[in-house]
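Biologist: I would like a close look at one part of this model. Please take me through its packing and strand pairing, one step at a time.

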Amino acid sequence: MRASKALGLSLLVLLAGSTSLLAADARKPFSTASTQPSLLSEFRIGFSAQDPWGPEGEDGSANLTGEILLAKPFTASDLFTSYFIPRPHFGGSLNVDGRTSFAYTGLTWTIDVTPDVFVEGSLGGAFHDGKDKVNDPFSDRQALGCSPLFRESGSVGVRLSANWSVMATIEHLSNAGACSDNRGLTNVGARVGYSF
């Protein structure tokens with residue numbers, strides 16, 4: 001599957017899924033009762049094109065992704081200060097073609113551009129099952145140098161309701177020159193999120 005087809009299919013699946021979820025969400029009765037704070041903040045699932053500009057994406061390769069964001073460890077009295085308080089996260093990316101998969105953890109900062117549109121950035125680390133060194137010319141897996149790696153990501157999202165959102169995400173894994181080989185891995189995709 002080509003990377004552009006994988007990304008297009010991801011967006012179509014997310015759009016169809018989010019439309020039916022919105023309809024189910026709209027049928028929920030509104031409750032004014034206060035709820036207890038939860039440890040979980042949000043759950044996300046989606047698809048991404050694996051390294052579309054690099055060796056792992058030459059023939060088109062896709063990932064199934066999942067992420068859990070925890071609640072902020074403390075709150076701020078004003079909105080501006082609250083943007084500087086990150087949410088811890090952990091997640092994973094499973095390559096459906098048997099190429100490099102990884103698990104990750106880190107911190108996520110979310111900033112509202114409008115009440116419905118937000119941008120997001122995250123930093124952390126990842127453990128992968130790719131190669132450490134370039135020594136197998138017949139392998140489909142990227143030589144990433146070592147494990148763990150640094151992981152950064154950025155997203156632009158839209159809130160569809162109080163609970164549901166969709167976002168476009170780009171992520172990059174690299175060892176930042178800490179090991180001999182440092183090709184890195186960049187994935188681009190779409191996700192749907194449910195906030196608790």
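**The core and the strands around it**

Modeller: The largest nonpolar core has seven residues: Phe102, Tyr104, Ala126, Leu144, Leu149, Leu173 and Leu185. Such a core joins buried Ala, Val, Leu, Ile, Met, Phe, Trp, Tyr and Cys residues through side-chain atoms within 4.5 Å. Buried means under 20% relative accessible area, exposed over 50%, partly exposed in between (1.4 Å probe, protein chains only). Keep in mind that the model is predicted: local features need pLDDT of at least 70 and side-chain atom pairs 80 or more, while totals for chains, interfaces and linings use all residues. Numbering starts from 1 along each chain as its sequence is written, and side-chain values use heavy atoms, without hydrogens or water.

Take leucine 173 from that core. Setting aside neighbours within four places in sequence, leucine 173 is in contact (heavy atoms within 4.5 Å) with Phe102, Ala126, Leu149 and Leu185. Those four partners are also core members. Leucine 173 further contacts Phe150, Arg151 and Gly184.

Now the strands (DSSP runs of at least two residues, numbered from the N terminus). Leucine 173 falls within strand E7, which covers residues 164-174. E7 pairs with E6 (pairing needs at least two DSSP bridges). The E6 and E7 pairing is antiparallel, over ten bridges. Glycine 157 has methionine 167 of E7 as its bridge partner. Four residues lie between E6 and E7, and the two strands form a hairpin. On its other pairing, E6 (residues 149-159) goes with strand E5 (residues 117-128), again antiparallel and over ten bridges. Here glutamate 120 stands opposite serine 155 in E6.

Glutamate 120 leads to strand E1. The side chain of glutamate 120 makes a polar contact with the side chain of arginine 44, at 2.6 Å. A polar contact is an N or O pair within 3.5 Å; within protein, one atom must be able to donate a hydrogen and the other to accept it, and sequence-adjacent residues count only if both atoms are side-chain atoms. Arginine 44 sits in strand E1. Arginine 44 counts as buried because its relative accessible area is 1%. Among its contacts beyond four places in sequence are Glu120, Met167, Thr65, Gly66, Arg87 and Gly193. Met167 is the E7 residue that bridges to glycine 157.

E1 spans residues 40-50 and pairs with strand E2 (residues 62-70), antiparallel, over nine bridges. Isoleucine 45 faces glycine 66 of E2 across that pairing. E1 also runs antiparallel to E8, with nine bridges joining them. On this side, arginine 44 stands opposite glycine 193 in E8.

That brings us to asparagine 187, in strand E8 (residues 185-195). Asparagine 187 has 1% relative accessibility, so this residue counts as buried. Apart from residues up to four places away in sequence, asparagine 187 touches Ser48, Ala49, Gln50 and Asp51, as well as Asn63, Ser93, Phe102, Thr169, Ile170 and Glu171. Phe102 links the story back to the core, where this phenylalanine is a member.

Look last at aspartate 51. Asparagine 187 and aspartate 51 are 136 residues apart in sequence, yet 4.9 Å apart from C-alpha to C-alpha. A polar atom of the asparagine 187 side chain lies 3.0 Å from the backbone nitrogen of aspartate 51.
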